[in-house]
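Me: I would like to learn how to read helix faces, cores, pockets and unusual backbone angles in a model. Could you take me through them one at a time?

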Amino acid sequence: MLDSPEEEVLAKACDAIYKFASKGDENKVALLGLGAVERLYKLISHEDPIVRRNAMMVFGIMASNHDVKKLLRELDVTSSLLSHLVPEEDVVIHEFATLCLAHMAVEYTTKVQIFEQGGLEPLISLLSSPDPDVTKNSVECIYLLVQDFQSRAAVCELNVIPPLLDLLKSEYPVIQLLALKTLEVISKDRETRIILGENQGLDCLLKILETNEFNDLHVEALAVLGNCLEDVHTMQLIRQTGGLKKLLSFVGVSTVPDIQKNAAKAIAKAACDSENRKILNEENVENCLINLLEIDDDGVKVAASQAISAMCENLASKRAFGLQGIPQLVQLLSSDDEEVKEAAVIALANLTTASPSNASAVAEAEGIEPLVKTLNTERHGAVANAAAVLTNMSTQEPLRLCIQSHGVMSVLTEPLRSASSRVQSRAALTVAAFGCDANARSELRDAGGLGPLVELLHSKDKEVRRNACWAVMVCASDELTAVELCRLGALDILEEINQSTGRRNNFSEAALERLLDNNLSQKYSQMGYLSSSNVITDGFYDYGKIKPGVKLLSLEELSMQELADRRAIIFINAKPQEDVLAVEEKLQHLSYEQTTLSPFTSRKSSREKVRKGKGKKEEEKMKEVEIVSEVQDEINLEDIQWQPPPDFMLMNYINDASKTILPLTTTREQVVALAQFVADKMGGAIERDKLHDFSWELHISEIKFELKSNIVPIGKVKKGTFYHRALLFKVIADRLGIGCSLVRGEYNRGWNEVKLVDDSPQGVTGLLLPPQEYIVDLMFVPGFLMKQESVEADQYKYI
């Protein structure tokens, strides 16, 4: 019947189809399947007004169906619909044409079509229509269109603000609500907010808030005001008219969570500007926000915490929150809602930044334990900011020690493994903050945290890599941690980073230096140089030169290797082995003549090698062996940590040198005397021409064979060449407080460099000369001092 040439038939057919389509979505789909939409599309432009009106009515209600909308887009009906929005057209046609457009404007492509075809202007003009349905459909369509930034900019030029403000006075709540929602979207643009203020829009919004009858509009009105408060000019205007006090007072007395939440959001937006923060602080907004933290609604707590975070940029506000708000925020850390927990910890991170008093307030509110627990949560923002709070608190030693007692370093191992670069960065920074304490480093080491920390050095994120380098630099402050970091590959990674101009940073260079300074065995093997500040301590060993990237085994690992035809490893240990001495004392107490533990045998074999006393009867021997067995079980040698054997000869050297050299009055005399002392212990002076006859290699091989080990205590070496003597000189000089460096040369050469002040020229008094660098002769004329860069020095080094 829609194809009928008779106008009366067409009108009645459209009316019947309208009634049928109104009864449900299934009927609309049925009509679509019968081809009704295509026929109706032709009829909406029919010359008869009744046919045109009835066809448009069907079009309007059928457009709510998804499949119908899809076909309407294919038919490109928007231009035809817009053409019917002229003033002379029937009001019913206006109503259903705008209804159809409102249904279709949900889709982005239709929004673009309406905008490009100039649909905004006729829609805005219809906002003043006397028919409420036309007004409602038009404002709804505009609301959907302004979601796109192009339309949002265009409506301001078309002067949409006055008619929208007029709609706030409508007797229909749905129209008021849609007008407020539209204002909320378009007031995100600064130009719109200015126009809104010029048209007394702020007064309209405040009147809505003051009217209890409009309580269903309060949430949206607050949202619009929140956008307006972003401008300092608008904020000052509202304050001058007393609107700001009314707003804060309204929030204080309201019990509607959505209103309270939107009010907090409005404050947060306004607080993005420093002048606004100052104004809000003067209006005591802090009390309002602190009260909102007490509301039993998670959304309100989140919004209030976010507003507190924004207000923290104002120092006066930060102090005010420190006095009152911190305990409430700490309580929120125990919330079951993860979003609440995250918002609270972000607020605490901002409150404690550059504020020791607030950091102390967190500790006083018993916030340390929940903060440490927050490091284990799943939300990356919560973990990162909990780490930030703990880092802020760590600047105060009492707080740092208290946090460490809660096992923070163990907990940080998981954040270091996080997939989030932000969490990785904050976790590494926290490790750097707490790693200055030896117990904290030990805890991190035992918890396996050094491994993931070293892995972060590979990060492509600049901040993560920088903070990881910082943490490594701090953690490398003791030998045990430095050695472990080297074992995990930190040294190689840092060298690689420092070779790259793009990845290198100040902390990567400092970390490499610190790592080597606290692992002198590695430094000397790799770089062939120890400065006067690199003091050799017990446990140092000279493995020889290693290539970059080659892993240096620990002394314990080297002690387990079979005797091999390679360069001997010279080690330093001038302290007694306490565990061995304790065992010896216990066994000697049982009247044993001697108990010997071989320096490089394993603990298991040591337990079995107990020498029995002589001249005793078999029964006595058996009894004593049983007693020894019991004592050894009690001592439990299996649990004793491996230690290098003591070098008693080196101990004697140090004692003798202390007695003979320290009494000398000048550093020059001490250096000469120490050089002569070292040469005397290492085979004496050697004539340069007979250097090849000095069979030190054979001597070292004999010691290795005697010990059945590649490791040789330096005190055992009685015929030492250049590098043996230079090492012994450095070891004793460090113990005596004589500054000197140790340098490795080629072809088994090694030497020491010392800085000495020469005497003033004859006849000149009071002249302080700069120190000169000398090479100390330990081989040919022990004690002879050669100026650096001199011919004698070059000959000593290379010839």
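Reply: What follows is a series of readings of this structure, which is a predicted model.

Me: Let us start with helix H36; which of its residues are buried?

Reply: The general idea is that an α-helix has 3.6 residues a turn, so residues three or four places apart point the same way. In H36, which spans residues 479-487, the buried residues are Thr481, Ala482, Leu485 and Cys486. Because these residues cover an arc of only 140 degrees around the axis, they are on the same side of H36.

Me: What do the buried residues of H36 pack against?

Reply: Their partners are helices H33 (438-446), H34 (450-455), H35 (462-475), H37 (490-498), H38 (506-517) and H39 (520-527).

Me: How should I read the two ends of H36?

Reply: At the N-terminal end, aspartate 478 acts as a cap, with a side-chain oxygen 3.2 Å from the backbone nitrogen of leucine 480. After the helix comes glycine 489, whose phi is positive, near 95 degrees.

Me: Where does H3 have its buried residues?

Reply: The same reading applies to helix H3 (residues 36-43), in which Ala36, Val37, Leu40 and Leu43 are buried. Seen down the axis of H3, these buried residues fall within an arc of 115 degrees, so they line one face of the helix. They pack against helix H1 (7-21), helix H2 (25-33), helix H4 (49-62) and helix H5 (66-75).

Me: And how is the loop after H3 to be read, taking serine 45 as the example?

Reply: Serine 45 lies in the loop between H3 and H4, and at 48% relative accessibility it counts as partly exposed, because the buried class ends at 20% and the exposed class begins over 50%. Leaving out residues up to four places away in sequence, serine 45 touches Arg52, Ser80 and His84, and its side chain makes a polar contact of 3.5 Å with the side chain of serine 80. From serine 45 to leucine 516 there are 471 residues in sequence and 87 Å in space, C-alpha to C-alpha.

Me: Which residues have the most contacts inside the largest nonpolar core?

Reply: That core has 186 residues, and those with the most contacts inside it are Leu81, Leu457 and Leu515. Helix H28 (residues 380-393) gives the most to this core, with 9 residues. Leucine 515 also leads back to H36, since residues beyond four places away in sequence that it touches include Ala482, Leu485 and Cys486; among its other contacts are Val472, Ala476, Ala490, Leu491 and Leu494. A second, separate core of 57 residues includes Phe694, Phe729, Val731 and Val776.

Me: How do I read a pocket, and which element gives the largest share of the lining of the largest pocket?

Reply: In general, rolling a probe the size of a water molecule over the atoms shows where empty space is left. Here the largest pocket has a volume of about 1,100 Å³, and of the 37 residues that line it, the closest to its centre are Glu479, Leu480, Val483, Ser554 and Leu555. The elements that give two or more residues to this lining are H36, H37, H39 and helix H40 (555-559), and the largest share, 6 residues, comes from H36.

Me: Is aspartate 542 buried or exposed, and what does its side chain contact?

Reply: Aspartate 542 has its place in strand E2 (residues 541-542), and at 1% relative accessibility it counts as buried. Its side chain makes a polar contact with the side chain of arginine 567 at 3.1 Å, while a polar atom of that aspartate 542 side chain lies 3.0 Å from the backbone nitrogen of glycine 544. With neighbours within four places in sequence left aside, the residues in contact with aspartate 542 include Tyr524, Ile569, Tyr723, Leu727 and Arg744.

Me: Lastly, where do residues with a positive phi that are not glycine lie, taking asparagine 284 and tyrosine 747?

Reply: Asparagine 284 is not a glycine, yet it has a positive phi of about 55 degrees; it lies in the loop between helix H20 (274-282) and helix H21 (285-293) and is partly exposed, with a relative accessible area of 47%. Tyrosine 747, also not a glycine, has a positive phi of about 55 degrees; it lies in the loop between strand E5 (741-744) and strand E6 (750-756) and is exposed, with a relative accessible area of 76%.

Technical notes
Residues numbered from 1 in each chain as written. Predicted model: local features only at pLDDT ≥ 70, side-chain atom pairs only at ≥ 80, totals over all residues. Heavy atoms only, no water. Buried < 20%, exposed > 50% of the residue type's maximum accessible area, 1.4 Å probe, protein only. Helix = DSSP H or I, 4+ residues; strand = E, 2+ residues; numbered from the N terminus. Arc of directions from axis to C-beta. Contact = heavy atoms within 4.5 Å. Polar contact = N/O pair within 3.5 Å; in protein donor to acceptor, adjacent residues only side chain to side chain. Core = buried A, V, L, I, M, F, W, Y, C linked by side-chain atoms within 4.5 Å. 1 Å grid on protein atoms, 1.4 Å probe; cavity = no way out; pocket = protein on both sides within 12 Å on 5 of 7 lines; lining within 4 Å. Points joined across faces, edges and corners; volume = space filled by probe spheres on them.
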